[in-house]
Amino acid sequence: MRVTDHPDFEPGRGAPSATVPTRFGLAEREADGDWRDHMRSLTQEDGGPPVKLRTTVTEEKPKTILSFNKSPDIPFDRSINAYRGCEHGCVYCFARPTHAFHDLSPGLDFETRLFAKPNAAQLLRKTLAKRKYVPRAIAMGTNTDPYQPIERGYRITRELLEVCLETRHPVTITTKSDRILRDLDLLTAMARSNLVAVAISVTSLDPVLSGKLEPRCAAPAKRIAALGKLVAAGVQTHCSISPIIPAITDEFMEVIIEQVGALGIKSAGFIPLRLPHEVAPLFREWLDVHYPDRAGKVMSIVRSIRAKDGKTRDNDPDFFTRMKPRGVWADLLRSRFRVACRKAGIGRAGFELDCSRFRPPEVGGQMRLL
């Protein structure tokens, strides 16, 4: 079957499906007629090509912006997500299931029906001004990308960084976009006081593969170049080779490490593919569309590294083990990664940022909220 013959194929999008799950007891949707075929049949008035699935953005006004967690598996206890949903469309994104909470599809809805929080910087300022607030590094980009395409117009991430620079609050940023370079002035200023660390994820070096896997992300070469520019600007920079997809992207591991090591990167890490909740069936569909010849092999390896108690499974959701793949394939990936890093002069991952410089912002003419 050709890719374009797949019933739900949408050019320029990552997920092959728009199925809405019933995991939370929500009412099932039933399409009134074959609406997707109908949309594809629509043409512009001048007889142009079929109408494409468009991205929409809904503005929301949350009451809080910092999310706190006590997870033993991640190295931060607080994070900010300026956006919900992500237009990058990475088919493997572990954040996709969060759209299901709103009766939206973790598939195409996740990458086309987005939500922005324009008051994020204002909320952050109020939070940092609270008398009992204790500063620790804020993680940005832990759920959806802070530099996805709509940041170009909204500039919410930039506004958040301006607050953090003003208050000397440490920040870590994870992204797949070279759009981060638009904020290099802020990042450079923060780096002088050891207030920022940036991680850019590079999954492959093949732009065709990346176009299928993460269709609206920056091309791999642009991400590599962005890593080099951040290093040159004095920003603590980390290369994340994540996720590694066995038999799809693992072949690029050594070359990526070699290239970023030559740029002066001193920190790198990798995470094998995780498939929580609806991500598993979406990824299986993606394999059937783009790599039907190796779909069985890929899933066999994935299930083996997430196996537990003698049983293979698509994903390990348990605390303490979900980020620690097991088995022969996992050991092989670790060995390859260590050898490549040693050759490239890359040490252990991680940075220590300075929390001692923090100063509460002024809110309403007062240094702290009473």
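**Entry 1: burial, and the overall make-up**

I take buried to mean under 20% relative accessible area and exposed to mean over 50%, with partly exposed in between. By that cut-off I file Asp-185 as partly exposed, because its relative accessible area is 47%. I keep in mind throughout that I am reading a predicted model. For the protein chain I looked up the secondary structure, which comes to 12 helices and 10 strands, and the burial, where buried residues make up 51% of the 370 residues. I also checked how far in sequence the contacts reach: among those between residues at least 6 apart, 79% join residues at least 24 apart.

**Entry 2: salt bridges**

I stayed with Asp-185 and looked for its charged partner, which is Arg-158, the closest N and O atoms of this salt bridge being 2.8 Å apart. The two residues belong to distant parts of the chain, since I find Asp-185 in helix H6 (residues 184–191) and Arg-158 in helix H5 (residues 156–167), 27 residues apart. Unlike its partly exposed partner, Arg-158 counts as buried because its relative accessibility is 13%.

How many salt bridges does the structure hold? I noted 22, and I went through some of them one by one. The side chains of Arg-322 and Asp-73 meet in a salt bridge at 2.7 Å, taken from N to O. Arg-322 sits in the loop between helix H11 (295–305) and helix H12 (328–344), whereas Asp-73 sits in the loop between strand E2 (67–68) and strand E3 (78–80), so this pair ties together parts that are 249 residues apart in sequence. I checked the burial of this pair as well, and both Arg-322 and Asp-73 are buried.

Next I turned to Glu-87 and Arg-216, whose side chains form a salt bridge, again with 2.7 Å from N to O. This pair also links distant parts of the chain, with Glu-87 in the loop between strand E4 (83–84) and helix H2 (108–112) and Arg-216 in the loop between helix H7 (207–213) and helix H8 (220–232), 129 residues apart. Glu-87 counts as buried because its relative accessibility is 9%, while Arg-216, at 31%, counts as partly exposed.

Finally for this entry, I recorded a network of salt bridges that links Lys-308, Arg-313, Asp-316, Asp-318 and Arg-326.

**Entry 3: the sheet of 7 strands**

I traced an open sheet of 7 strands with mixed pairing, in the order E2-E3-E6-E7-E8-E9-E10. Its edge strands are E2 and strand E10 (267–272), each of which pairs on one side only. Within this sheet I followed strand E7 (residues 171–175) and strand E8 (residues 196–201), which run parallel and are joined by 5 bridges. As a residue to locate on this stretch I chose Ile-173, which stands opposite Val-198 in E8.

I then asked which helices lie across these strands, and noted two. H5 lies across E3, strand E6 (138–140) and E7, running at about 160 degrees to E6. H8 lies across E8 and strand E9 (236–244), and its direction is at about 165 degrees to E8.

**Entry 4: the sheet of 3 strands**

I found a further open sheet, this one of 3 strands with mixed pairing, in the order E1-E5-E4. E1 and E4 stand at its edges with a single partner strand each, so one side of each is left without a neighbour in the sheet. Strand E1 (residues 56–59) and strand E5 (residues 113–116) run parallel, joined by 4 bridges; I wrote down that Thr-56 has Arg-113 in E5 as its bridge partner, and that Thr-58 has Phe-115 in E5. E4 and E5, by contrast, pair in the antiparallel sense over 2 bridges, and here Tyr-83 has Ala-116 in E5 as its bridge partner.

**Entry 5: helices H10 and H11**

How do the axes of helix H10 (residues 279–290) and H11 cross? I noted that they come within 9 Å and cross at roughly 150 degrees, and since angles over 145 degrees count as roughly antiparallel, H10 and H11 are therefore roughly antiparallel to each other. From H10, the residues Phe-283, Arg-284, Leu-287 and Asp-288 meet Ala-295, Val-298, Met-299 and Arg-303 in H11. Sorting the residues of this contact by type, I get 5 nonpolar, no polar and 3 charged.

Terms used
Residues are numbered from 1 along each chain as its sequence is written. This is a predicted model: local features need pLDDT of at least 70, side-chain atom pairs count only at pLDDT 80 or more; totals for chains, interfaces and linings use all residues. Side-chain values use heavy atoms; hydrogens and water are left out. A salt bridge is a side-chain nitrogen of Lys or Arg within 4 Å of a carboxyl oxygen of Asp or Glu. Buried means under 20% relative accessible area, exposed over 50%, partly exposed in between (1.4 Å probe, protein chains only). Axes are lines fitted to C-alpha atoms, for helices over the stretch in contact, and angles run from 0 to 180 degrees between N-to-C directions. Angles under 35 degrees count as roughly parallel, over 145 as roughly antiparallel, 65 to 115 as roughly perpendicular and the rest as oblique. Contact means heavy atoms within 4.5 Å. Ala, Val, Leu, Ile, Met, Phe, Trp, Tyr, Cys and Pro count as nonpolar, Asp, Glu, Lys and Arg as charged, and the others, Gly among them, as polar. Two strands pair if DSSP finds at least two bridges between them.
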